[in-house]
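Reader: I should like to discuss the structure below by question and answer. Please let each reply end on the value or name requested.

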Number of protein chains: 2
Amino acid sequence: MSESAKKSEQTRRRILEAALTLFQKRGFTETTMRDIAKEAGVALGATYYYFDSKDAIVMAFYEQAQQEWVPAAEKTLSESKDLKQRLTGVIDAKFKCFAPHRRLLATLSGHIDPQHPLSPFSEPTRHIRDRDISFMTRALEGAKVKLTPDLKPFMPRVLWLYQLGLLLFWIYDRSSQQRKTNQLFEKSLAIVVALIRLSSFALLRPIRKLAADLLGLLYEESPVASETSV
Amino acid sequence: MSESAKKSEQTRRRILEAALTLFQKRGFTETTMRDIAKEAGVALGATYYYFDSKDAIVMAFYEQAQQEWVPAAEKTLSESKDLKQRLTGVIDAKFKCFAPHRRLLATLSGHIDPQHPLSPFSEPTRHIRDRDISFMTRALEGAKVKLTPDLKPFMPRVLWLYQLGLLLFWIYDRSSQQRKTNQLFEKSLAIVVALIRLSSFALLRPIRKLAADLLGLLYEESPVASETSV
DNA sequence: GTCTATATGGAGATAGAC
DNA sequence: GTCTATCTCCATATAGAC
């Protein structure tokens, strides 16, 4: 049994790898299930034996990327107490995991709809998202920054959203070596960190109040969460 | 000839209307070209005579919505000199035009890719986008606000992006009557306007500098513009 | 349990008659 | 301009061999 389990797992990996290779080379839509089967050296039916659908392959990819990312993010958190560096590390690790699959992500970013299983806001991807956010919490907590109590509970989610925005920009960044994303990352993070520090100053209190109110409303029950009514 | 031109235009409208009705009722992907033809009372081939593709129908919709929006936006600009009210008016008009087609927009928001013709960042939609942005310019210029010269050239595009973000949120806002979007709109606009006013104060100079640098880099040649390299 | 071979049904699009 | 008939392609399903 451990024999066959091994072999089975091997086939599964071969199919997944074949799919990811083709997705990267030709794009998601352009790659057919037949192509994947052929590339993996199995029959079409076999790919459906291991993956319920084409989308399911993508989900498997998410999981795999997450598994790579967690230890890398973990490591950077242990290396510095500086907020900017902590955030840089965590987000950078994400970029590194996704880099070999930029093309796939491009086709995917189509699914913003929280109802779509593959959406970063969906229920099926919740565990991945929550994990991501928990690292933002830790990045903040391990750093020496003061957060006012009105903003504190929201900051991890806000940072997660910020990181998602960066990823989205990166996916479509056609400048060579994604130079622009690098600059955007560096400079915008400086702004983010500066704002976090400034946010506790009295002068900005009115704006902070507005922001906290807003976040309270939005996250009270998330509009990206799945209420069933349309 | 004016006879047949009229009749032709009529058929075209009938097809467009049928499509939009179905898109709203069932969603874009779920509606087939056959459904549209049937609803419009023509043969499948006829719809392809008037519209090159399913996507082309959507493009026609964009144009139509824009045509509705322009005079409405125009009107609000003539009604107030207050920045917040001007922005509210312009953006609100957009929501009103799009409201009957929220469902269609949902399926569409999939195309963030600037390479995709229907993307809000694409070349084919540039004229629409530029028109939108020109209204942001006018909203700013007709109001009594001081903008520092480093930020000034970017603000219209930033505001356009802001409005796009609101639309995106709205599209997937499942709260009843899109209540959350309304709150988001109101409160975030207050923040935006407050930030614009604050931006000329000395204390925020360092952050403004960062932001201006950043915008300069991003828009120097837009990363969402179509460089041909991948 | 693992996989092959084959079938199904529906989509967007087109060619060419009327 | 409009229609009918048809093409091509694909995700997915299934029957049954090993």
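Reader: Which residue of chain A comes closest to the rotation axis?

Author: This is a predicted model. Chain A can be laid on chain B by a turn of 180° and a shift of 0.1 Å along the axis, with an RMSD of 0.1 Å. The two copies are thus related as by a two-fold rotation axis. At a C-alpha distance of 1.8 Å, the residue of chain A that comes closest to this axis is Gly110(A).

Reader: What percentage of the interface residues of chain A are also interface residues in chain B?

Author: The copies meet through the same surface. This follows because the share of interface residues of chain A that are also interface residues in chain B is 100%.

Reader: How many residues line the second largest pocket?

Author: The second largest pocket holds about 1,300 Å³ of space. Among the residues nearest its centre are Gly110(A) and Gly110(B), together with His111(A) and His111(B). The number of residues in the lining is 41.

Reader: Which elements give two or more residues to the lining of the second largest pocket, and how many of the lining residues are charged?

Author: Chain A contributes through helix H6 (102–108), while chain B contributes through helix H1 (2–26) and helix H6 (102–108). By residue class, the lining holds twelve nonpolar and 15 polar residues, and the number of charged residues is 14.

Reader: How many helices does chain A have?

Author: From the N terminus on, the elements of chain A run α-α-α-α-α-α-α-α-α-α. The number of strands is zero, and the number of helices is ten.

Reader: What percentage of the residues in chain A are buried?

Author: The C-alpha atoms of chain A fill a box of roughly 65 × 45 × 40 Å along the principal axes. The accessible surface of the chain comes to about 11,600 Å², with 57% of it belonging to carbon and sulfur atoms. Of the 230 residues in chain A, the buried share is 50%.

Reader: Among contacts in chain A between residues at least 6 apart in sequence, what percentage join residues at least 24 apart?

Author: One pair that is distant in sequence is Trp160(A) and Ser134(A), which are 26 residues apart, with 9.4 Å between their C-alpha atoms. For the contacts in question, the share joining residues at least 24 apart is 70%.

Reader: Is Trp160(A) buried or exposed?

Author: Trp160(A) is placed in helix H8 of chain A. Beyond its neighbours within four places in sequence, Trp160(A) is in contact with Pro120(A), Phe121(A), Arg129(A), Asp132(A), Ile133(A) and Met136(A). Its relative accessible area is 6%, and buried means under 20%. Trp160(A) is therefore buried.

Reader: Which residues is Thr11(B) in contact with, leaving aside its neighbours within four places in sequence?

Author: Thr11(B) lies in helix H1 of chain B. Its relative accessibility is 13%, so Thr11(B) counts as buried. With its neighbours within four places in sequence left aside, the residues in contact with Thr11(B) are Val42(B) and Tyr50(B).

Reader: Is Gln177(B) buried or exposed?

Author: Gln177(B) lies in the loop between helix H8 (155–171) and helix H9 (179–198) of chain B. Its phi is near 60°, a positive value in a residue other than glycine. With a relative accessible area of 70%, Gln177(B) is exposed.

Reader: What is the relative accessible area of Gln178(A)?

Author: Gln178(A) is found in the loop between helix H8 (155–171) and helix H9 (179–198) of chain A. Although Gln178(A) is not a glycine, its phi is positive, at about 50°. Gln178(A) is buried, and its relative accessible area is 17%.

Note on methods. Residues are numbered from 1 along each chain as its sequence is written. Chains are lettered from A and ligands numbered from 1 in the order in which they are written. This is a predicted model: local features need pLDDT of at least 70, side-chain atom pairs count only at pLDDT 80 or more; totals for chains, interfaces and linings use all residues. Side-chain values use heavy atoms; hydrogens and water are left out. On a 1 Å grid over the protein atoms alone, a cavity is a set of points where a 1.4 Å probe fits but cannot get out, and a pocket is an open set with protein on both sides within 12 Å along at least five of seven lines; lining residues have an atom within 4 Å of a point. Grid points are joined across faces, edges and corners, and a volume is the space filled by probe spheres set on the points. Helices (H or I, at least four residues) and strands (E, at least two) are DSSP runs, numbered from the N terminus. Ala, Val, Leu, Ile, Met, Phe, Trp, Tyr, Cys and Pro count as nonpolar, Asp, Glu, Lys and Arg as charged, and the others, Gly among them, as polar. Buried means under 20% relative accessible area, exposed over 50%, partly exposed in between (1.4 Å probe, protein chains only). Contact means heavy atoms within 4.5 Å. Accessible areas come from the Shrake-Rupley method with a 1.4 Å probe; for residues, only the protein chains shown count as cover. Copies are superposed by least squares on the C-alpha atoms of residues with pLDDT of at least 70 in both.
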